[in-house]
Amino acid sequence: NEIDWKNIRALSIRQPYAELIMLGEKETEYRIRATKVRGRIAIYASLSGEYLEDAEEYQLNPDKLPRGVIIGTVDLFECDEGEWKLRNPQRLATPLKPTAHPQPVWFFPFGRD
């Protein structure tokens, strides 16, 4: 399953929550508003360390969590108000550093054709 990196949207998520999505343990992302985006999206583990102390609650080592990179993809299949439903996480073998500047919510990590 090839990923069209020029047209995939990336969603910025702070660690450890990006990791929990990749582990299949976090299946809902809560946002202020709904989204019309559906389908395969990339998960960008943001550089922010704001919630890193939460990692130990989930038996994760905060020092080993990747940040500032795309760590995988997931299906965004439903949205009910601010509850974005996620499934089928697929971790990248090697995290990718975006060439486009990450945004707070959606961005195209490698520009667009």
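**Pocket, salt bridges and strands in a predicted model**

Me: How much space lies in the largest pocket, and which residues line it?
Reply: In this predicted model, the largest pocket holds about 270 Å³ of space, and its lining consists of Ser12, Ile13, Arg14, Tyr17, Lys26, Glu29, Arg31, Ser46, Ser48, Tyr51 and Pro104.

Me: What makes four of the lining residues nonpolar?
Reply: Ile, Tyr and Pro count as nonpolar, and the lining includes Ile13, Tyr17, Tyr51 and Pro104, which gives the four nonpolar residues beside three polar and four charged ones.

Me: Why is the contact between Lys26 and Glu29 called a salt bridge?
Reply: The closest N and O atoms of Lys26 and Glu29 are 3.1 Å apart, and a salt bridge needs a side-chain nitrogen of Lys or Arg within 4 Å of a carboxyl oxygen of Asp or Glu, so the pair qualifies. Glu29 also forms a salt bridge with Arg31, at 2.9 Å between the closest N and O atoms, and Lys26, Glu29 and Arg31 are thereby linked in a network of salt bridges.

Me: How do you know whether Lys26 and Glu29 are buried or exposed?
Reply: Buried means under 20% relative accessible area; Lys26 has 16% and Glu29 has 7%, so both count as buried. Arg31, the partner of Glu29 in the other salt bridge, is buried as well.

Me: How many salt bridges does a search of the whole structure find, and what does the one between Arg91 and Glu19 tie together?
Reply: The search finds six salt bridges, and in one of them the side chains of Arg91 and Glu19 meet at 2.9 Å, N to O. Because Arg91 lies in strand 5 and Glu19 in helix 1 (residues 17-22), the pair ties together parts that are 72 residues apart in sequence.

Me: Why is Arg91 called partly exposed, and what is Glu19 called?
Reply: The relative accessible area of Arg91 is 41%, which falls between the limits of 20% and 50%, so Arg91 is partly exposed. Glu19, with a relative accessible area of 10%, lies under the lower limit and is therefore buried.

Me: What makes strand 5 a partner of strand 4 and of strand 2?
Reply: Pairing requires at least two bridges between two strands. Strand 4 (residues 69-80) and strand 5 pair in the antiparallel sense over eight bridges, with Gly72 standing opposite Arg91, while three bridges join strand 2 (residues 28-30) to strand 5 (residues 83-96), again antiparallel; both pairs therefore meet the requirement. In the second pair, Tyr30 has Glu83 as its bridge partner.

Methods
Residues are numbered from 1 along each chain as its sequence is written. This is a predicted model: local features need pLDDT of at least 70, side-chain atom pairs count only at pLDDT 80 or more; totals for chains, interfaces and linings use all residues. Side-chain values use heavy atoms; hydrogens and water are left out. On a 1 Å grid over the protein atoms alone, a cavity is a set of points where a 1.4 Å probe fits but cannot get out, and a pocket is an open set with protein on both sides within 12 Å along at least five of seven lines; lining residues have an atom within 4 Å of a point. Grid points are joined across faces, edges and corners, and a volume is the space filled by probe spheres set on the points. Helices (H or I, at least four residues) and strands (E, at least two) are DSSP runs, numbered from the N terminus. Buried means under 20% relative accessible area, exposed over 50%, partly exposed in between (1.4 Å probe, protein chains only).
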